Amino acid sequence: MTSDIAAILGIDGIATGAVYALVAIGTVLIFTVTRVIFIPFGDIAAFTALTLAALDAKRFPGTGALVVILACLATLIEILSLLRAGEFRLLPRALAFYLVLPLAVVGAAWLTMRLDPPLAVRLVLALMLIMPISPLLDRIVFRPIADGTVLLLLTVSVALHFALVGLGLLFFGPEGVRTEPLTSLSTEFAGVLISGQTMLIVIAALVFSGLLYLFFDYTLVGKSLRATAVNRTGSRLMGIRPARAGTIAYLLGSLMAGVSGILIAPVNTVFYDSGFLIGLKAFVGAIVGGMTSYPGAVIGAVGVGILESFASFESSALKDVIVFSLLIPILIWRSLASLHSEEEIEE
Amino acid sequence: MTRFQIQLAALAAVVCLAAAPFVLSPFSITLMNYIGIYSLVAIGLALLTGVGGIVSFGQAAFVGVAAYATAWVSALNGQSPWLGLLFGVVLTCGVATILGVVTLRLQGHFLSLSTVAWGLAIGFLFGNVEGLGRFNGIASIPPISLGPYALVTSSQIYFLIWGIVAAVLVLGYNLLDSRLGRAMRALRGGNTLVESLGINAFRIKLATFVIAAFLASLSGWLYAHLSRFISPGPFDAGMGIEYLMMSMVGGAGSLLGGVVGAAIVTLLKNSVQDYLPLIAKGASGQLEIVAFSALFILFLQWARQGIVPFVARYLPKAKRERPQPAPPLPRRSQPKPGELLLKVDGAERRFGGLIAVNNVSFDVRSGEILAVIGPNGAGKSTMFNCLTGALRVNKGDIVFAGRPITRDPQARIAKAGIARTFQHVKLRPRMSLLENVMLGTYARTRTGLFAGAFRLNQREEASARHEALMQLERVGLGDKPFELAGNLPLGNQRILEIARALAADPALLVLDEPAAGLRRQEKLRLAELLRSLRADHLTILIVEHDMEFVMSLVDRIVVLDFGSKLCEGPPSAIRSDERVQEAYLGGVA
């Protein structure tokens, strides 16, 4: 391998890693606030790419129907649980939040579609359509077992991923998509050609992780999210609702995953089931950060991207084998590094 | 139900299974064959996940290793499938041993995540290795032959599959009812509990892990020779979670639940395939996995216990006979009364900048009851943990019965003759009183895996059962040995822990705040019990908070304050010591 090839592979790896990093940040965010290891963020990223491709092709994406179905389900479950608790006065707000808001988003997207909007608007539409999915899934799937063990939540999360893959095929079809590049600029750095898309990916990753940092350190909502992450009961006593913190975390996480989906779509062909590997590799990155550290997750995800890039040069067939085999030493290192008290397993 | 009735039910089940190929259609028999094959994996998972508390998402990879191994041996190299079985089992168990040694020390969800990792890595390997047919798989795998008879049709291999399932169930239940099985069932109580009984928790986990992989390898072998064609698909991550689902639906922790779960999931999947096209034409393949995952999620939300434990609640309870007298288990040679038994010399333990135990020295002499007392935060619990090996001292020495134990792990200290109880009671609530106490005899008995599974060491088992009953009677809980430990009130749970500790035939009994949370009557009973144990020349060390309880009971007291030893002496001297009064009451005003 010459140094030229190494440089190209390295840059390629950083770009892929930056995409994983965005998803990894979302994964860490959700884990710290809700203790859910949300594997389906990869699916969310893939769905965003598919949504954008449908919008580009002037078709209304299947995401709309998916959001409507999930909104109806979530509303039904919320209403039933409110009725059982006798909290009738909360009903209008539940309806507004779980039914009217998602439907309004879908409706607005549908109307805007008619106007044949430019690319920037289509990007916003794709993100808007994708963002309600995870909070709705949270309400339907995770809220009833919010106090379960991490392992139970993980098992449910894996099952949810498989459900989403099936839904993805149903709503988006089996064809892979590749969207047009967001920019055709390119630049040369130290003798190596760097495409504008690569630059964009890295910049977006930096900007979004920076914004998240500001959000957590300088806004009250961000601080309440951190409080929930540290101690659910304690923050509940302080008047923070863990459920609401969870919803915000899911919204933010979906935004990150959605952006990564938009960024990866011009580089790689995205299929309905591409999300699994994106999600898992992001997750490997998140584990490097011990599932709690954002900088750790970013470093880990970029590391995974670079490793994958070099591994696929050596043996493209075995690159996934290499990436996942490497997870085991990382897990051992993390498990040794985290001194936690003995976890009682659910009887 | 008596033992006879259980045997009758089992016999009826065997007759029904044996008659099935003569009654049911070939399609149903094929379905039954797959149920049997999946059952083996699910039974392994019931052991691993349900009993041992290790959630594995990767069992499908083990099935795949064995299936590819036997396909390689029989289809690609033309050897006998039986050689393929041998190769598959050895390879799978080898891989499992390596993975287990590497990952089983991981904690909680880290361990389960590692099963996702190796499950995926191995799964990707099948489709990407040149010699294994890549994504096209391996075709024309020969059928299994029993002598001159080739098991070609589904009703022929049926008997082999279900014969193996039946044998696995019998051996599995035997194992769970043996010494190692009880240790496996204790794993969920946490490492500290298991190690305190003199059990090497890591080895038990590894054994459970390899047994589960072994069952998966049997399943993979049968699968390859039943379907006669293999490709990477049936061994991918999706199948891994389906196996987990089978064992959880059936009832994690119940071996029979593995079979029931495999049957339910397979039949459900089959009917989903049958009926979904009626609802949604053309989209059935996609909807199948959606419907399936949704059902699993609903199940996890609402019925986590599984089906078999749910049904078992409505069945009449098994009647069991009280253990008969049996030859006693070997006893250790006890130290002579008054001899130096435990010596703590300059023990120091730091947590970062905090010195929790600072240069503490004291002796325990054989036959006495010594109490370590002190106000909150005095370092009592840290001292206790250092004595039992749960923590290591940074400086100083601990010598027990003439042997340094400063650096020994918990299990070795327990074997050396220090038995402990816990401040927060650690019992196995779903095991009977008798079984809980039998856990204490682990270090005194030696029945291994095979002897347990084939019931070869019934004499030792009878001795252990009798010993456990004797200890229950000794502490006054002998009237209901088959009651579940979780049903006892707290006071009796503490006493049960003492019985379990006594079953280890200890030279020193160490009790961690035994009176905490007890009512007055219970405290009096406990004190009475400890006095009677002292009368039997047992040495007891109590770490306690409750002054009244300690003063009337013990021979000597060591007082700790802020990590250092304040003073030492008989209760009367301690009671009048001004430094102690100051530590407890904040000075004489």
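Two strands pair if DSSP finds at least two bridges between them. With that in mind, let us walk through this predicted model, starting with a sheet in chain B.

**The sheet of chain B**

Four strands of chain B form an open sheet in the order 4-3-6-7, and their pairing is antiparallel. Strand 4 (354-365) and strand 7 (403-404) of chain B are at the edges; each has a single partner strand, so one side of each is left without a neighbour in the sheet. Strands of a sheet pair through backbone hydrogen bonds, either parallel or antiparallel.

How many bridges join strand 6 of chain B to strand 7 of chain B? There are two, and strand 6 covers residues 395-400. Have a look at B:Val399 here, as B:Pro404 in strand 7 of chain B stands opposite it.

A helix also meets this sheet. Helix 14 of chain B, residues 380-388, lies across strand 3 (340-351), strand 4 and strand 6 of chain B. Relative to strand 4 of chain B, helix 14 runs at about 60°.

**Where chain B touches chain A**

Moving on to the interface, 40 residues of chain B are in contact with 38 residues of chain A. On the chain B side, the elements giving two or more residues are helix 4 (81-103), helix 5 (108-128), helix 8 (191-196), helix 10 (237-251) and helix 12 (284-302). Helix 5 of chain B gives the most to this side, with 13 residues. Sorted by class, the side of chain B that touches chain A has 23 nonpolar, 15 polar and two charged residues.

Helix 8 of chain B is also home to B:Thr192. The C-alpha atom of B:Thr192 is separated by 9.6 Å from that of B:Gly389, although the two residues are 197 residues apart along the chain.

**Chain A as a whole**

Chain A has 14 helices and two strands. Its radius of gyration is 20 Å, close to the 20 Å that the globule rule gives for 347 residues, so chain A is as compact as a globular protein of that length. The C-alpha trace of chain A spans about 70 × 55 × 40 Å along its principal axes. Of the 347 residues in chain A, 49% are buried. Among contacts in chain A between residues at least 6 apart in sequence, 76% join residues at least 24 apart.

Which residues touch the most other members of the largest nonpolar core? They are A:Ala21, A:Ala24 and A:Ala49, in a core of 302 residues. Leaving aside residues up to four places away in sequence, A:Ala21 touches A:Ala205, A:Gly285, A:Ala297, A:Val298, A:Ala301 and A:Val302.

**Two loop residues with positive phi**

Most residues other than glycine have a negative phi. Two residues of chain A are worth a look against that background: A:Arg35 has a phi near 65°, and A:Asp116 has a phi of about 55°. A:Arg35 lies in the loop between helix 1 (3-34) and helix 2 (41-56) of chain A, while A:Asp116 is found in the loop between helix 4 (91-114) and helix 5 (119-130) of chain A.

Are these loop residues buried or exposed? The table gives the neighbour counts, with B:Thr192 from helix 8 of chain B alongside.

| Residue | C-beta neighbours inside 10 Å | Class |
|---|---|---|
| A:Arg35 | 21 neighbours | buried |
| A:Asp116 | 9 neighbours | exposed |
| B:Thr192 | 17 neighbours | partly exposed |

A:Arg35 counts as buried because a residue with 20 or more such neighbours does, whereas A:Asp116 counts as exposed because 12 or fewer is the cut-off for that class.

Definitions and conventions: Residues are numbered from 1 along each chain as its sequence is written. Chains are lettered from A and ligands numbered from 1 in the order in which they are written. This is a predicted model: local features need pLDDT of at least 70, side-chain atom pairs count only at pLDDT 80 or more; totals for chains, interfaces and linings use all residues. A nonpolar core is a set of buried Ala, Val, Leu, Ile, Met, Phe, Trp, Tyr and Cys residues joined through C-beta atoms within 7 Å. Two residues are in contact if their C-beta atoms, placed from the backbone, lie within 7 Å. Ala, Val, Leu, Ile, Met, Phe, Trp, Tyr, Cys and Pro count as nonpolar, Asp, Glu, Lys and Arg as charged, and the others, Gly among them, as polar. Axes are lines fitted to C-alpha atoms, for helices over the stretch in contact, and angles run from 0 to 180 degrees between N-to-C directions. The radius of gyration is taken over C-alpha atoms; the globule rule is 2.2 Å times the number of residues to the power 0.38.
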